[in-house]
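Notebook open, coffee poured. Here is what I looked up in this structure, entry by entry.

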Amino acid sequence: MIKSRYRFLVGIFIVGFLALSIRLFYLGEYGRIDANLTQQSRQRIQTETAFRGSIIDCKGRCLANQLAVYEVGVDLTQVRKEDEGKLGILADILSAPVDKLQALWKVPSKKRWVSLAKNIKEPSYKKIQELGIKGVYGNKVLQRYYLHSPSLSYIVGFLNKDNQPVCGIEKMMQFYLKGQGGYLTYEVNGKREVLPVGRCKQLNCNNGCTVELTIDDRLQSLIEAILVEAKEKYHAISAQALVTHPYTGEVIAFVNVPYFDSNHYNRYPIERLTNRSVVNLFEPGSTYKSITISAALDCGAINTTEQFDCSLSSAFYKGKKRNLPHDWRPFNQRMRVDEVLSHSSNRGAAQIAFKLGEERLYEYGRKFGFGQSTQSGFEGETNGIFKPVEQWDGLTITRLPAGHGMACTILQLHYAVSAIANGGKLMYPQFIRRIYDQDGDIVQTFEPKVRREVIKPSTSKLMCQMLLSDNTSKAFIKNYHVASKTGTAQKIINGRYSHSEYVSSITGFFPNTNPRVHITVVLDNPHIPVGVPYGAVTAGPVFRKIAQTIIAYWGMEPMPTAL
């Protein structure tokens, strides 16, 4: 009997010991999980979204900004009859029909959310809160607003419906603009009261930086109006204008017509959103003659006293007779180099290229930036078409000197000619001047950058004199010494040069010594009542209007003495 009891007690002891061991093991292995679950149930996280940085122009005008707006709604399970008297005031604030609100308050419902209005700004939302209507509340949304001239949409870009940057400065400067959101974690008790001794972690919110552009939005708007008028007047497909400081490469205005509105980008066809300035290619035509002649003078292939017979229909190159291109009108005389340029003789340009030679003609074209991206920073920028010598046919040596058999963007043409204007340096395009943080401190500055030296300063000075417009030019402005070159090129339609569709252009700067501003205008397929829409006839007057606008806007003084 005693042994049985002894065995029973030992058995109970063993079972109890095993149960205690299992429990301790359980607590050791799974207690941490339970503790974590308890901790998570008590923990709360409060997040704060960073405001996206602003984009401003060179004068500090806001081009893109982000504001807090609210979507206001009502929890119908919380509405009270005593609040019905306030619905008239609520309707006025929301610009909503009062009868619609009254209907919601009279019909019982279990709906937890019914939207009443969107895009309610902060001051209006505060008035709604002051009404104290139970169940009415708002969800905060950060809304991007664009305040710039519509034609700047290609430069500034936009955010899509998911608040992701799609193009332009918005995408290029995403790292600086987006900012960094913050958060606060804290603990609550069973009554959801904040524990004063609870664990707390905090990451401060840093709003995005402000990006300052080199562009003047007011001048952009004035030039935009000029191009809209020109497009309508000449029934052109599009019109482009680029205005820069030739010595720095800073872009002052960059206008594309037609354009789209960054605030309503989804209302436009996808092709309208494409930045034509960095994508669309055209043959520059006679504007390229300034490049050809600069190259020939720079390497000593010709001198300014040489003359070329522009009445010839053919000439020999490397022992082979070559047909010379037609001129826009017959020239039955010999011309000096400056006359070839001013009269824009294709045959004279071809004979100058014979002196220069294929290799140097190609090498200088590449030095001037043709066939290469300008590295503007905008997505989709094309390299253009500028074939190496081994891919030339028998006509290239006679056509390329006059800007045919190649293709470029307005950026490539513009910055190539800027190298002639500024003493021989090919500059990088510059759209951004400075970046500020949320405290106004400068984070980064952008200085002018030289890609390479293209021609000697002496060649640049000589070309600036040769490009000086006289009073017969549509680009001429008395006492401002405009240097310019126009171009007209037949468009290629279905693989052949068209005799009815053209691209007309002009590029020029003033004054011709130490120029302050450089302007390029390109019109795609302009039309005039009679004849060919030459660049001198169509793009020239547009150039002059833009130049006169800049002169008035900047208050530039005339310079009566010839430079």
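**Overview.** I began with burial: 48% of the 563 residues in the chain are buried. I am working from a predicted model, and I keep that in mind throughout. The secondary structure came to 17 helices and 21 strands. Next I looked at contacts between residues at least 6 apart in sequence, and 73% of them join residues at least 24 apart. For the surface, I noted about 28,500 Å² exposed by the chain, with carbon and sulfur atoms supplying 52% of it.

**Helix α10.** I wanted to know how many residues of α10 are buried. The helix spans residues 289-298, and ten of its ten residues are buried. That includes Lys-289 and Asp-298, as well as Ile-291, Ile-293 and Leu-297. I then looked up what covers these residues, and found helices α11 (337-343), α12 (346-356), α13 (358-367), α15 (410-421) and α16 (457-466) among the cover, along with strand β19 (483-493). Just after α10 I noted Gly-300, which has a positive phi of about 80°.

**Strand β21.** My next stop was β21, residues 517-524, where eight of eight residues are buried. In a regular strand the side chains alternate between the two faces of the sheet. I sorted this one accordingly: Val-517, Ile-519, Val-521 and Leu-523 point one way, while His-518, Thr-520, Val-522 and Asp-524 point the other way, and all are buried.

Which strands pair with β21? I found β9 (residues 238-244), antiparallel to β21 and joined to it by seven bridges. I also found β20 (residues 496-510), again antiparallel to β21, with eight bridges. Thr-520 makes a handy landmark here: its bridge partner in β9 is Leu-242, and its partner in β20 is Thr-507.

**The β20-β21 connection.** I stayed with this hairpin, which has six residues between its strands. Asn-514 takes a positive phi near 50° there. The loop between β20 and β21 also holds Pro-511, and the peptide bond joining Phe-510 and Pro-511 is cis, with omega about -15°.

**Other backbone oddities.** Most residues other than glycine have a negative phi, and most peptide bonds are trans. With that in mind, I kept a list of exceptions.
- I found a cis peptide bond between Val-257 and Pro-258, with omega about 5°; Pro-258 sits in the loop between β10 (251-257) and α9 (276-279).
- I noted a positive phi near 50° for His-235, in the loop between α8 (217-234) and β9. This residue is exposed, with a relative accessible area of 58%.
- I noted a positive phi of about 70° for Asn-479, in the loop between α16 and β19. This residue is partly exposed, at a relative accessible area of 26%.

**His-148.** Is His-148 buried or exposed? I count His-148 as buried because its relative accessible area is 9%, and the cut-off for buried is under 20%. It is found in the loop between β5 (136-146) and α5 (153-156). Leaving aside neighbours within four places in sequence, I listed its contacts as Leu-63, Ser-153, Val-156, Asp-217 and Ser-262.

**Cavity.** Rolling a probe the size of a water molecule over the atoms shows where empty space is left. I found one cavity of 30 Å³ or more, and the largest has a volume of about 30 Å³. Its lining brings back some names from earlier entries, including Ser-290 and Thr-507, together with Val-417, Leu-467 and Phe-509. Strands β19 and β20 each supply at least two lining residues. By class, I have four nonpolar, four polar and one charged.

**Second largest pocket.** I then turned to an open space, the second largest pocket, with a volume of about 560 Å³. It is lined by 20 residues, and the closest to its centre are Asn-119, Gln-143, Arg-144, Asn-160 and Lys-161. Strands β3 (62-74), β4 (114-121) and β5 each give at least two residues to the lining. Which element gives the most? I found that β5 does, with six residues. The classes here are eight nonpolar, eight polar and four charged.

Key. Residues numbered from 1 in each chain as written. Heavy atoms only, no water. Helix = DSSP H or I, 4+ residues; strand = E, 2+ residues; numbered from the N terminus. Buried < 20%, exposed > 50% of the residue type's maximum accessible area, 1.4 Å probe, protein only. Contact = heavy atoms within 4.5 Å. Areas by Shrake-Rupley, 256 points an atom, 1.4 Å probe, with all protein chains shown as cover. Pairing = 2+ DSSP bridges. 1 Å grid on protein atoms, 1.4 Å probe; cavity = no way out; pocket = protein on both sides within 12 Å on 5 of 7 lines; lining within 4 Å. Points joined across faces, edges and corners; volume = space filled by probe spheres on them. Nonpolar A, V, L, I, M, F, W, Y, C, P; charged D, E, K, R; others polar.
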